[in-house]
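Thank you all for coming; I would like to walk you through one model this morning. Please have the sequence and the structure open in front of you while I speak.

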Amino acid sequence: MSDSPLPLYHKVYLLLKQRLRAGGFPYDVPMPGENALAAEYGVSRLTIRRSLDRLESEGLVERRQGRGTFAARPSALSVTQQGADIDGLMAHLASMGMQTQVQLLELETVPAAGPVAARLGVAPGALVQRAVRVRSHQGLPFSYLTTFVPDDIGRRIRREDLASKPLLAIFRDLDVRVAGAEQAISAVLAEPGVAELLDVPVGAALLSLHRLVRDESGRPVEWLHAQYRPDRYEYRMNMQAHDMPGQPTWLPAAMPAHASA
């Protein structure tokens, strides 16, 4: 296997996990034995055993006495957002709030650093609320969330609400009328502190999401940076084909097609 800072057993664990999620092992047929998997992946039997131990602890495989190891039927969190409208996003976050648990790690009022100030449309050094949370599903952490909110809104947000509700639901309770958001998705490497909280090795790849939320007047009311374990979080979007000037293209299902000038 190629050089990597990840432990060998963890690399095999990730590869097997990816294969399991892709349906590479039938549910009703035993997986290949440890010796066969060791030969396939070019590692020792002990490495395979440690990888399977990790998969079993996460409920992804089942070891049955005298029968072998089987792929478990999927039950891990899979996030689906239908369309791109705010009503759909509200329903999605409400569902996530019921299915997941939140640990509020930090909540403080801080001066806005340059990039945060620029996103929220406030002067550098203006006060903003900063919150850091970890979200888990069935006891397994999958996201590390850092949010910044203008101080006049942040002062009205209660600590207990941040530990129990999505921020968009809190905005609704405060009559902050959210109208839209700009979102970008990329990838980052896990920093030591984040890696520890998400239970991944330092330098592991994470899904990175930045979201700027605006109210009905166009004012920015939230700047979010979310980091997700890609093996525990999935972002989906329905798409539709549209005939555009020049050539057809794909657009989110809820977004009307507009030809640019």
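Let me begin with a question: in which loop does Gln-138 lie? Gln-138 lies in the loop between strand E5 (127–137) and strand E6 (140–150), where helices (H or I, at least four residues) and strands (E, at least two) are DSSP runs numbered from the N terminus.

Before I go further, this is a predicted model, in which local features need pLDDT of at least 70 and side-chain atom pairs count only at pLDDT 80 or more, while totals for chains, interfaces and linings use all residues. Residues are numbered from 1 along each chain as its sequence is written, and side-chain values use heavy atoms, with hydrogens and water left out.

Coming back to the loop, Gln-138 has a phi near 55°, a positive value in a residue other than glycine. Most residues other than glycine have a negative phi. Gln-138 counts as exposed because its relative accessibility is 55%, and here exposed means over 50% relative accessible area, buried under 20%, and partly exposed in between, with a 1.4 Å probe and protein chains only. Asp-175, in the loop between helix H8 (167–173) and strand E7 (178–189), also has a positive phi, near 65°.

Now to the interior. The largest nonpolar core, meaning a set of buried Ala, Val, Leu, Ile, Met, Phe, Trp, Tyr and Cys residues joined through side-chain atoms within 4.5 Å, has 16 residues, and those with the most contacts inside it are Leu-16, Leu-20, Met-31, Ile-48 and Leu-55. The elements that give two or more residues to this core are H1, helix H2 (34–41) and helix H3 (45–57), and the largest share, four residues, comes from H1. Apart from this core lies another, of 15 residues, among them Leu-162 and Val-221.

Ser-51, which lies in helix H3, is buried, with a relative accessible area of 0%. Leaving aside neighbours within four places in sequence, Ser-51 is in contact (heavy atoms within 4.5 Å) with Tyr-9, Val-12, Tyr-13 and Leu-16.

Where, finally, does the largest pocket lie? Domain 1 (8–71) and domain 2 (86–242), whose bounds come from an automatic or database domain assignment, both give residues to its lining, so the largest pocket lies between them. A pocket here is an open set of points on a 1 Å grid over the protein atoms alone, where a 1.4 Å probe fits, with protein on both sides within 12 Å along at least five of seven lines, and lining residues have an atom within 4 Å of a point. The largest pocket is lined by 18 residues, and the largest share of that lining, seven residues, comes from helix H1 (residues 8–21).
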